[in-house]
Amino acid sequence: MTMTFSFKLLAQDTHSQARAGLIQTPHGEIPTPVFAPVGTQATVKTLTPADLAELGANLILSNTYHLYLRPGAELIAGFGGLHGFMQWPGPILTDSGGYQVFSLSGLRKIDEDGVTFRSHLDGSEHRFTPELSIAVQEQLGADIIMAFDECPPPNDYDYNIEALARTHRWAERCLVAQRRPDQALYGIVQGGIFADLRAKSAEFLAALEFPGYGIGGLSVGETKIQMHEMLEVIHPILPRDKPRYLMGVGSPEDLFEAVARGVDQFDCVLPTRIARNGAVFTESGRLNLRNAQFAQDKNPIEAGCHCYTCRTFSRGYLRHLIIAKEILGLRLTTLHNLHFILETMRRIRQTILDGSFAQYKDDFLAAYQPVPEANRQTLS
Ligand SMILES: [Zn+2]
């Protein structure tokens, strides 16, 4: 645990703002751009740490809100933190709990000092403050931790002014509260869909010299065009030599568009969640393996895919497992979808390094038929 956090920018695309870099953490290196699979309950559902290592995952996200409620951060600290508890030896990121608490509409109350909320599990009352969020994240022991912020509805200008001021005061309190020097605390840019507020937020947080920056409050119902605009506003303001993390994104098409606008880091439940519903990524778009047309299909999900699922099983067999609600079906579709996203990110990074990212982006997006939807993580 002697190695500290650092970020090195290795290449900058000439046709876009895309960047390739390398994050160093106490638990290993993270080549960027990077996609972090989500392990809400200290597990990426259906997979073992060995599976994740084989997929080439370099960063896993866990949720502070869920782990604070169950089994409790103190208990996890007793196992040596999340690394010892879940037996994942690589880099881990925890969110602040803010996003989940704020999505408990009707069950929470915000004031200057923090948020009082009721557990979605048993209705018990709890209170998060910036200080408590940092203390809990220090007990969980992730390599990257996040400032406690408010994620307001993106379209209400007056409310966003008020929430942003609070988020900035909370960011300063998080910095003061931090005790562990081996964790990198990221500040989070907010400001809804408003360019002036996003710029103000990026300027304020840049001056606080966080080691990295989250971009919050996007992929929460705004349009894709609005999301792209907000990324373009903050790109020149955030320090070049710090990683930028677009929280809760995304779909394959979103990854390309955000990387092209300077984002280095992502997480999203989408690949794992849709896998458990029988939906799988291919280079031409998404397939739903529940469809009857796949019943006798002897092809893999995608010809040429190197994942264990595609090397071994037919669409017809996978469809049977999903219809019969067999656990193996959930595992195999999850393996394929994470392989698809992680492999796409590896190719994105490689093409940034060799100067062909623009071509790869055009080719990918020309072939890929997106599905319109909200892909942000929720409490389900
Ligand atoms: Zn596959």
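Colleague: How many residues lie between β7 and β8 in the hairpin that they form?
Modeller: The model is a predicted one. Strand β7 covers residues 108-110 and strand β8 covers residues 115-118; they run antiparallel and are joined by three bridges. Within this pairing, Ile-110 of β7 has Val-115 of β8 as its bridge partner. Between the two strands of the hairpin, the number of residues is four.

Colleague: Which residue in the turn between β8 and β9 has a positive phi?
Modeller: Strand β8 is also joined to strand β9 (residues 125-128), by four bridges in an antiparallel arrangement. In that pairing, Arg-118 stands opposite Glu-125. The two strands form a hairpin with six residues between them, and the residue in the turn with a positive phi, of about 80°, is Gly-123.

Colleague: Which are the edge strands of the open sheet that contains β1, β2 and β3?
Modeller: The sheet has three strands in the order β1-β2-β3, with antiparallel pairing. An edge strand here pairs on one side only, and this applies to β1 (6-12) and β3 (28-32). From one strand to the next, the twist averages 15°. The edge strands are therefore, by their pairing on one side only, β1 and β3.

Colleague: Which residue in β3 does Leu-22 stand opposite?
Modeller: Strand β2 comprises residues 19-25 and runs antiparallel to β3, with five bridges joining them. The residue of β3 that stands opposite Leu-22 is Pro-31.

Colleague: At about what angle does α14 run to β2?
Modeller: Helix α14 lies across β1, β2 and β3. Its angle to β2 is about 120°.

Colleague: How far apart are the end C-alpha atoms of α14, and what span should its residues give?
Modeller: Helix α14 consists of 28 residues, 327-354. Just after the helix, Gly-355 takes a positive phi of about 85°. At 1.5 Å a residue, the helix should span 40 Å, which agrees with the distance between its end C-alpha atoms, 41 Å.

Colleague: Are α10 and α14 roughly parallel or oblique to each other?
Modeller: Two packed helices are described by the angle between their axes and the distance between the axes. The axes of α10 and α14 come within 11 Å and cross at roughly 25°. An angle under 35 degrees counts as roughly parallel. The two helices are therefore roughly parallel.

Colleague: How many charged residues does the contact of α10 with α14 have?
Modeller: The crossing of these two helices, α10 and α14, is right-handed. Helix α10 contributes Pro-252, Leu-255, Phe-256 and Val-259, while α14 contributes Phe-340, Ile-341, Thr-344, Met-345, Ile-348 and Ile-352. By class, the contact of α10 with α14 has nine nonpolar residues and one polar residue, and the number of charged residues is none.

Colleague: How do the residues in the contact of α9 with α10 divide by class?
Modeller: The axes of α9 (residues 224-234) and α10 (residues 252-259) come within 10 Å and cross at roughly 30°, which makes α9 roughly parallel to α10. Helix α9 passes α10 in a right-handed crossing. The contact is made by Lys-224, Met-227, His-228 and Leu-231 of α9 with Glu-253, Asp-254, Glu-257 and Ala-258 of α10. By class, these residues are three nonpolar, one polar and four charged.

Colleague: Is the crossing in which α13 passes α14 left-handed or right-handed?
Modeller: The axes of α13 (residues 315-323) and α14 come within 7 Å and cross at roughly 130°, which makes α13 oblique to α14. The crossing in which α13 passes α14 is left-handed.

Colleague: Which residues of α14 make the contact with α13?
Modeller: By class, the contact of α13 with α14 has six nonpolar, two polar and no charged residues. On the side of α13, the contact residues are Tyr-317, Leu-318, Leu-321 and Ile-322. On the side of α14, they are Leu-328, Gly-329, Leu-332 and Thr-333.

Colleague: What is the omega of the peptide bond from Thr-32 to Pro-33?
Modeller: Pro-33 lies in the loop between β3 and β4 (34-37). The peptide bond that leads to Pro-33 from Thr-32 is cis, and its omega is near 5°.

Colleague: Where is the place of Pro-71?
Modeller: The peptide bond from Arg-70 to Pro-71 is cis, with omega near 15°. The place of Pro-71 is in the loop between α2 (64-69) and α3 (73-78).

Note on methods
Residues numbered from 1 in each chain as written. Predicted model: local features only at pLDDT ≥ 70, side-chain atom pairs only at ≥ 80, totals over all residues. Heavy atoms only, no water. Axes fitted to C-alpha atoms, helices over the stretch in contact; angles between N-to-C directions. Parallel < 35°, antiparallel > 145°, perpendicular 65-115°, else oblique. Left-handed = near helix turned anticlockwise from the far one by under 90°. Contact = heavy atoms within 4.5 Å. Nonpolar A, V, L, I, M, F, W, Y, C, P; charged D, E, K, R; others polar. Expected span 1.5 Å × (residues − 1). Pairing = 2+ DSSP bridges.
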